[in-house]
Every structure is written in C-alpha cells, then in structure tokens.
Amino acid sequence: MQDALPAFVLNSEALPHGPMNDTPASHTSSPTPPAPVDSALSDEHLMLAFSVGSPEAFTELFRRYKQPIYGFFRRRVLDPAHAEELTQETFLALLRAATRYQPRALFRTYLYAIGLKILRAHRRKAAFRATFFGHPNHVPDPVKQDATESGLWVRRAVEKLAPIDREILLLREFEQLSYAEIADLLRLPLNTVRSRLFRARTALRNLLEPSATSASDASPAAQQYAPHNASQPIVQKGTRL
C-alpha cells in the first residue's frame, strides 16, 4: 500500500495541540528542525508522544503498523482497494482519537480494536447495500486474487469456520496476538478464547485432511499446508488468506 497517510499529520487540524510557549519567537532565529524519533521507543511511548503533538511519533507508528493493519483487512476483505481504504480509515481514526488515548493496554491491541470496529461498520454497510439495493458488492473473484492451489484451499477451509472461531484463529495465527490480547479485543473470557481456538484448529484440520492427497498431487506448494500429523501447524504464519 502507498505511504501517503503521514502527510495528514502535517495538517494542523489533525494534530492535537500542546501547550503554547509564552516566550516570543526571535525574528532572526531559524526554524528548529523536528527532533528525530528514537526507533527503540515502545509503541505506547510513541502514541503518548503523538498525543501531545509529535507528528514524527505518528509517522513511526504508521511505518510499523501499515502492513500489519493492511494484512488484517486483506485477509477479511477480498477487494484490495477496500482493504487499503479501511487501513487509511483506521489510521485516521487513530489521529482523531489521539487526545483521548490512555495506555491501559498494549498499543497494538488498541489499534486492532479500532480496525475491528471499522471492519464491522464496513460489513454492516455492505449488508445494507446488498439488502436494499438488491446486489452484493462487486469484488474480484478469489480465484483470480490468489491463483495458487494452496492459497485457495486454505482460504476456503477457513471461510467454513464459525465467524467467531475464524476471527480468533486469524488473530492468533496471522496477527500473532496473545490469548490475553484476543480476549481483551473480542471481550471474551480467556478460557473461551483458548477453547474456541482449539476447536477452530481441530475443525480446520478436519476440513483440510480430505484434500491432503489431492493437494499433494496438484502442486508442491500445497504440501506445506497438509496436516501430516496433529502436532504440525495447520497453516503457516504469514500466509495470506
């Protein structure tokens, strides 16, 4: 995706304003260049710095999370253009909520919560359009989106899972969130997350096993997803669904 969003930080209306300096500015002094952001700072420290007016902190956060957030939407929305739009919306929402930020949880949990809220709004709008305008959204054929045998095989299997089980599986295997983060994000008890993840993995393994033989015959790439035994990972982390 394009790196256009940090330009919004330069807009004075988008940035939260910090306290003004009462010392008159010298007419002969040259503008002070922006202080570089320490790339070793935690996400939470960067967000706090941005909340008091540091655009460089936001730029660093955007650099760290633009691809993970785009991947989050890309695995849930077939149209890449929609995924990019929702990614932009997520960071714009982060901009608007900066002054209200409180580090009560990890920043990435906070950011994914914004993304999940935007995704749900997108799905409601899509359902409304489909109901009242009599046609679904026009999205690319998934066969054309991912022509690999293995990619289609896994995507179709994952789509058959119960919605909440599918979401937990994606958050754990692809977004690599901890059990506690998933529980916080989805507002579920920790034990529920664990049990549903186990159920999702078992269901996915059962869905993939009947196709293991045909997939291994079809292409070598598909073999990496075939569950040869119970201890083997069902899907490879980083694989795009």
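## Exercises on helix packing and salt bridges

The structure holds 10 salt bridges (a side-chain nitrogen of Lys or Arg within 4 Å of a carboxyl oxygen of Asp or Glu). Keep in mind that this is a predicted model: local features need pLDDT of at least 70 and side-chain atom pairs count only at pLDDT 80 or more, while totals for chains, interfaces and linings use all residues. Residues are numbered from 1 along each chain as its sequence is written, and side-chain values use heavy atoms, with hydrogens and water left out.

**Exercise 1.** Work out how H7 and H8 pack, and which residues make the contact.

*Step 1.* Find the helices: H7 covers residues 163-173 and H8 covers residues 179-186. Helices here are DSSP runs of H or I with at least four residues (strands are runs of E with at least two), numbered from the N terminus.

*Step 2.* Get the geometry. The two helices pack at about 135 degrees, with axes 10 Å apart. Axes are lines fitted to C-alpha atoms, for helices over the stretch in contact, and angles run from 0 to 180 degrees between N-to-C directions.

*Step 3.* Name the arrangement. H7 and H8 are therefore oblique to each other; under 35 degrees counts as roughly parallel, over 145 as roughly antiparallel, 65 to 115 as roughly perpendicular, and the rest as oblique.

*Step 4.* List the contact (heavy atoms within 4.5 Å). H7 brings Ile 164, Glu 167, Ile 168, Leu 171 and Arg 172, and H8 brings Tyr 179, Ile 182, Leu 185 and Leu 186. Sorted by class, that's 7 nonpolar, no polar and 2 charged residues. Ala, Val, Leu, Ile, Met, Phe, Trp, Tyr, Cys and Pro count as nonpolar, Asp, Glu, Lys and Arg as charged, and the others, Gly among them, as polar.

**Exercise 2.** Do the packing job again for H2 and H3.

*Step 1.* H2 and H3 pack at about 140 degrees, and their axes are 9 Å apart.

*Step 2.* H2 and H3 are therefore oblique to each other.

*Step 3.* The contact includes Phe 58, Phe 62 and Tyr 65 of H2, along with Phe 91, Leu 94 and Leu 95 of H3. Its residues divide into 13 nonpolar, 2 polar and 3 charged.

**Exercise 3.** Trace three salt bridges: where do Glu 60, Glu 167 and Glu 181 find their partners?

*Step 1.* Glu 60 pairs with Arg 64 (3.0 Å, N to O). Both sit in helix H2 (residues 55-74), 4 residues apart, about one turn of the helix. An α-helix has 3.6 residues a turn, so residues three or four places apart point the same way. Glu 60 is buried at 11% relative accessible area; buried means under 20%, exposed over 50%, and partly exposed in between (1.4 Å probe, protein chains only).

*Step 2.* Glu 167 meets Arg 76 (2.8 Å, N to O). This pair links distant parts of the chain: Glu 167 is in helix H7, Arg 76 is in the loop between H2 and helix H3 (80-96), and they are 91 residues apart. Both are buried.

*Step 3.* Glu 181 meets Arg 108 (2.6 Å, N to O). Another link between distant parts of the chain: Arg 108 is in helix H4 (residues 107-132) and Glu 181 in helix H8, 73 residues apart. Arg 108 counts as partly exposed at 25%, whereas Glu 181 counts as buried at 6%.

*Step 4.* Look for shared partners: salt bridges join Asp 43, Glu 60, Arg 63 and Arg 64 into one network.
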